[in-house]
Amino acid sequence: MPALMEAQQFQRLVLAWYRQHGRKDLPWQQDISPYRVWLSEIMLQQTQVTTVIPYFNAFIEAFPKVEDLAAAAIDDVLHLWTGLGYYARARNLHKCAQMVSEQWGGEFPRSVAELQTLPGIGRSTAGAIASIAMGLPAPILDGNVKRVLARLHALEGWPGNSQVQKQLWQISEHYTPARPAKSKNRDFTQVMMDLGATVCKRSKPRCDACPLMESCIAFGQGKPEAYPGKKPKQDKPCKSTQLLMLQNPAGQVLLEQRPDSGIWGGLWSFPELALGQDPADHCLSQQWCTQAPSAEHWNSFRHTFSHYHLDITPVLVQLKPLPRVAEPGHAWVDPADPGQLGLAAPVKKLLQQLAQI
Ligand code: SF4
């Protein structure tokens, strides 16, 4: 364990900086409540503040209280989430709202340990809700905080490694205020996020504006960007698929709801077909049409997930005569107005292109 600063000195330095330079006008910093803080924290996982703001506002407008979100159809939740990515977050968000509503009487539990029993809430998110919304003493360790602490102490190693992560948690615990105190605990968590997001940035950190500069070992070494250590390199595998844009004579296209598990779980997508299989044969064999349809292959494009690249070839298939009626879990939609469906990002893009033909 590296030599640490005295906790109160650390708190004095960062809180003084926060009073002058911290962010205080983000939408979830107004009318602070556990529901609003939780919603923002889930959205902010792996996502920038500027991207999150319109989504947060749209969710609060559609679901002002946790009970409203709990009572919503999952399709409406996924629809509003479309474009924010990492859709497991949206499904957990919905499940969590239902648990808070049904098992906790509509109030988020008031301890880090109990918050962590809810779907999608890990230790850092629980710490953020407890400290910001409830004034409890609770450390956090999101990506921003990991970066600040790793640089401050020139901590070697990748934070995804469990030993490195354990050390970072110990450092974060050491610096976090230890007693309940409403505004101090709220501001402390906020300043730790702000320092990482606005000063100790991933590249070109603004060390001359940082309240920790005098104690920062990475700064003293002249190489702040060397920390935290990088993830050991692993090439992402590539997969390929075809997305069939089956169009009926009325111009509508067929979407199907994907299973809950796997990529784009629960979202609506064009039917997939393995590369190398013939779209026209497939449509005949599936009885989507009675005559061989025309199939137009569009240019392939790449969509990247956290674990692999997916090369997608869209194929526009004109069905004739009238195809069979869509079964449950399938829907014929107007590409210009697909309605309230949660859509995978590439599907949304393709619908927009179809609407312009
Ligand atoms: Fe980050 Fe620079 Fe501050 Fe060190 S001095 S914590 S590297 S911004």
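Me: Which element does the largest share of the lining of the second largest cavity come from?
Reply: It comes from H11, which supplies 3 residues of that lining. Please keep in mind as we go that this is a predicted model.

Me: How should I picture a cavity in the first place, and what shows where empty space is left?
Reply: The general idea is that rolling a probe the size of a water molecule over the atoms shows where empty space is left. In this structure, the count comes to 2 cavities of 30 Å³ or more.

Me: Let's stay with the second largest cavity. How much space lies in it?
Reply: The second largest cavity holds about 50 Å³ of space. To find it in the viewer, look for its lining residues: Ala138, Pro139, Ile140, Ser172, Tyr175, Thr176, Phe188, Thr189 and Met192. Helix H10 (162-175) and H11 each provide at least two residues of this lining.

Me: How do the residues of the lining of the second largest cavity divide by class?
Reply: There are 6 nonpolar residues and 3 polar ones, with no charged residue.

Me: And what volume has the largest cavity?
Reply: Its volume is about 120 Å³. There are 15 lining residues, and those closest to the centre of the cavity are Arg151, Cys200, Cys207, Cys210 and Cys216. Two elements give two or more residues to this lining, helix H9 (143-152) and helix H11 (182-199). H9 gives the most, with 3 residues. By class, the lining of the largest cavity has 13 nonpolar and 2 charged residues, but no polar ones.

Me: Now for the packed interior. How many residues has the largest nonpolar core, and which have the most contacts inside it?
Reply: The largest nonpolar core has 96 residues, and Phe10, Trp38, Phe108 and Phe270 have the most contacts inside it. Helix H8 (residues 123-134) gives the most to this core, namely 7 residues. Both domain 1 (7-226) and domain 2 (238-355) take part, each with at least three residues in the core.

Me: Which residues is Phe270 in contact with, leaving aside its neighbours within four places in sequence?
Reply: Phe270 is in contact with Leu243, Leu244, Met245, Val253, Leu254, Leu255, Val347, Leu350, Leu351 and Leu354. Apart from the largest core lies another one, of 11 residues, which includes Leu244, Leu254, Cys289 and Val317.

Me: Let's turn to the backbone. Is the peptide bond from Tyr227 to Pro228 cis or trans?
Reply: That bond is cis, and its omega is near -10°. You will find Pro228 in the loop between helix H12 (217-221) and strand S1 (238-247).

Me: What is the phi of Gln46 near?
Reply: Gln46 has a phi near 60°, a positive value in a residue other than glycine. Look for Gln46 in the loop between helix H2 (34-44) and helix H3 (49-62).

Me: Is Gln46 buried or exposed?
Reply: A cut-off helps here: a residue is called exposed when its relative accessible area is over 50%. Gln46 has a relative accessible area of 60%, so Gln46 is exposed.

Me: What about Lys204: what is its phi?
Reply: Lys204 is not a glycine, yet its phi is positive, at about 50°. Lys204 sits in the loop between H11 and H12. Its relative accessible area is 68%, so Lys204 counts as exposed.

Conventions: Residues are numbered from 1 along each chain as its sequence is written. This is a predicted model: local features need pLDDT of at least 70, side-chain atom pairs count only at pLDDT 80 or more; totals for chains, interfaces and linings use all residues. Side-chain values use heavy atoms; hydrogens and water are left out. A nonpolar core is a set of buried Ala, Val, Leu, Ile, Met, Phe, Trp, Tyr and Cys residues joined through side-chain atoms within 4.5 Å. Buried means under 20% relative accessible area, exposed over 50%, partly exposed in between (1.4 Å probe, protein chains only). Helices (H or I, at least four residues) and strands (E, at least two) are DSSP runs, numbered from the N terminus. Domain bounds come from an automatic or database domain assignment. Contact means heavy atoms within 4.5 Å. On a 1 Å grid over the protein atoms alone, a cavity is a set of points where a 1.4 Å probe fits but cannot get out, and a pocket is an open set with protein on both sides within 12 Å along at least five of seven lines; lining residues have an atom within 4 Å of a point. Grid points are joined across faces, edges and corners, and a volume is the space filled by probe spheres set on the points. Ala, Val, Leu, Ile, Met, Phe, Trp, Tyr, Cys and Pro count as nonpolar, Asp, Glu, Lys and Arg as charged, and the others, Gly among them, as polar.
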